[in-house]
Amino acid sequence: MQKLSNIFKFVRRQPRWRLIAGAILLAAIGLLLWGGSANPLGKTPTFVARRGPLEITILEGGSLQALESQELKCEVRVGYQGTKILRIVDEGYFVTEEDVKTNKVLVELDYSDLQKQIVQQEIQYQSAVANLTDSQQGYEIQLGQNQSDISAAEQKARFARLDFDKFLGDTVTAKIIQEVGLDVVLAAAITNNVEQTSHAQEASSHHSDQHPGSSAEPQLGAGNGTAPIHSAVLHTGGTNVLVISPSPLVTPSSGLEKRPEEKKLIETLAAPLPTKVTTHAPTALGSSPPAKTVPVSDAEMLKSIAVDFSKYANLDVLGDGEAKQKLRKFDDDLQVAQKELEQAKTRLEGTRRLFEKAFVTKTELQQDDIAFQNSRLKVVTAETARDLFLKYDFLKSAEEFLSKYAEAVREFDKARRVAVSKIAQAVAKLNSAQGQYEVQTRQLKDFNEQVAKCTLHAQKSGLVVYGGSRDDMVYYGGEERIREGATVRERQAIITIPDMTRMAVNVKIHESYIKKVRKGQRARITVDAFPDTVLTGEVTKVGVLPDSGNRWMNPDMKVYLTAITIDGNYDWVKPGMSAKVEILVNKLDDCVYVPVQAVAPDSGKQICYVANGLKHERREIQIGQFNDDFIEVKNGLKEGERVLLRAPGAPETTEPTSPNKDQKPPDNEKKSVPMPASAPATASKA
């Protein structure tokens, strides 16, 4: 209290002008302090909420590309090392229709390594041609040799059978051959290994029409008919039945013309295998023989021949053959000798009676006695000769003829087996040579095609652009940019000729906005090189999956490739130009909107600050769709109300920002995308 009274006393002692000045100073200080706290809106920008139409758009930048383009790629198989570009037209060169007609060379690649490979391949090709020719001639020679061998063996067997029939007669030999099973052996010999031969023929006929320079490929085959069995070789009489399979094992030949002797040999080799051979066991003459089925097997072919020919040593059993003729002659000689003996005996007895009566001399009696003894010796000689023939010569000759015939049949079977084996080897060699020839031919043709692919010609008119059709292509590893002397690899794009009549803008839409983009939506396009010209277009393609190329640069950012086709055709529009695209997603005819920076999230709600005189009001609002500049206010704000464009107390240097594209829109915003609106934005200061 003492201090306060001292102050009052000090003030009273001061002059009046000092008191007035002090009061003014205190008033100014109070005004400054009160004015700074009571009027905070003096330096904060504001915006008056408006009502009217609002376009909801998406604004993105991209580059111009042709919808259709022709890529000239390196189609030469050069491996990882690649091949160099020797010559290439300048980028930006316009290929005319005249260039297409004259087949102008656009790119020429180095093919020196291919030329070396072609020289080596040509040597291998000529070797394959010589090998194929040798195999063809060897096949022809083997075919003729088989014909000769089989014909000789067949003739030998036929002559042996004729000798056998000549000696015993065909009826008897048929029964004997049937008894020992030689008919089965012969039937098997005619058809041995035919199935393997047919397989070899099918394998060889597969390449018969592919060899250049030859009119017909030699191959095994048989006609539709079966090979005849020669009656002189396999003649079994009327009691033997040979059943032939109705379907041959070898497919018909492909219609190639063959020589008569070649056809005969092929038909003989391709005779079908008999299903069964019905034979009859030897029985007595006049009785009906029981039939039995003898299977064709190797055991029958190796069956030992043992025939009792003594039962055939009878004129009634023998056929009309040499043996019967000899036996008949022996019988005739014996009968003549016996009759002469009877005559000599009768004459001798008469002479003896006459000698007893002395009508004849003793000399005459001795002469008749000598004649009688001669006749008796002739009878003995005839009987001995007949017995010797029947006991030895007949059996020996019959067995010898049968053995010769059996050996001839086996030789015939061996000749056929050898022929089948050799012809199969010849066919295998021919097929191998044919395969090698085709391989070498394909490789030589492939090398020539590779050389032709080293030169790229003009196929379509348009502007020449180096590299692929995408402007975001990245050169990885050792890939070089397209130029003369650069190394390119297989399937790498060298030149792209775009179709300038149909252009589009390729943009990347963020994943938070892609759900609003649809095909058919209209868009405004502004090319950076011509900012005063606004083009129109339409969304024609929307990516289904995120762009895979972007994951290497920013794996957390997902964008979708979208194409907007430009309406019309413009000469000044070039591929690769930068452009901005404004896609019209929606249009609100009547709504209240404010700038997007006037709205801020707070605890899951959307708020704004409304200017109320010298004070501000924090107000919760409900927002709708928005673009890059403005946002729709559905509830909580009226037209004409002034809102702050930044929160109170925020630094003046802080610039208002639009929503980040990496963030999702507000929770209550279901169908909104930020894009520029047609209405201009204005800011004012209170």
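In the predicted model, strand β14 (residues 493-498) and strand β3 are joined by five bridges and run in the antiparallel sense. Within this pairing, Ser69 has Pro498 in β14 as its bridge partner. The two strands belong to an open sheet of three strands, in which the order is β3-β14-β12 and the pairing is antiparallel. The edges of this sheet are formed by β3 (69-73) and β12 (465-466), each of which pairs on one side only.

A further set of pairings involves strand β19 (residues 578-595). Strand β2 (residues 50-66) is joined to β19 by 13 bridges, and the two strands run antiparallel. Leu54 lies opposite Leu588 of β19. Strand β16 (residues 522-527) is also antiparallel to β19, to which five bridges join it. Here the bridge partner of Arg524 is Glu582 in β19. The pairing of β19 with strand β23 (residues 630-635) is likewise antiparallel and extends over four bridges. In this case Val592 has Val633 in β23 as its bridge partner. Strand β19 is thus bridged to β2, to β16 and to β23.

Among the helices, α11 covers residues 362-452 and contains 91 residues. At 1.5 Å a residue, a helix of this number of residues should span 135 Å; the end C-alpha atoms of α11 are 128 Å apart, which agrees with that expectation. Helix α11 nevertheless has a bend of about 45°, located at Phe389.

For the chain as a whole, the secondary structure consists of eleven helices and 25 strands. The chain has 686 residues, of which 39% are buried. Among contacts in the chain with a separation of 6 or more, 81% are between residues 24 or more positions apart. The antiparallel pairing of β2 (residues 50-66) with β19 (residues 578-595) joins segments from separate parts of the numbering, as does that of β3 (69-73) with β14 (residues 493-498). The area exposed by the chain is about 38900 Å², and carbon and sulfur atoms supply 53% of this area.

Notes. Residues are numbered from 1 along each chain as its sequence is written. This is a predicted model: local features need pLDDT of at least 70, side-chain atom pairs count only at pLDDT 80 or more; totals for chains, interfaces and linings use all residues. Side-chain values use heavy atoms; hydrogens and water are left out. Buried means under 20% relative accessible area, exposed over 50%, partly exposed in between (1.4 Å probe, protein chains only). Contact means heavy atoms within 4.5 Å. Accessible areas come from the Shrake-Rupley method with a 1.4 Å probe; for residues, only the protein chains shown count as cover. Two strands pair if DSSP finds at least two bridges between them. The expected span of a helix is 1.5 Å times one less than its number of residues. The bend at a residue is the angle between axes fitted to the seven residues ending there and the seven starting there.
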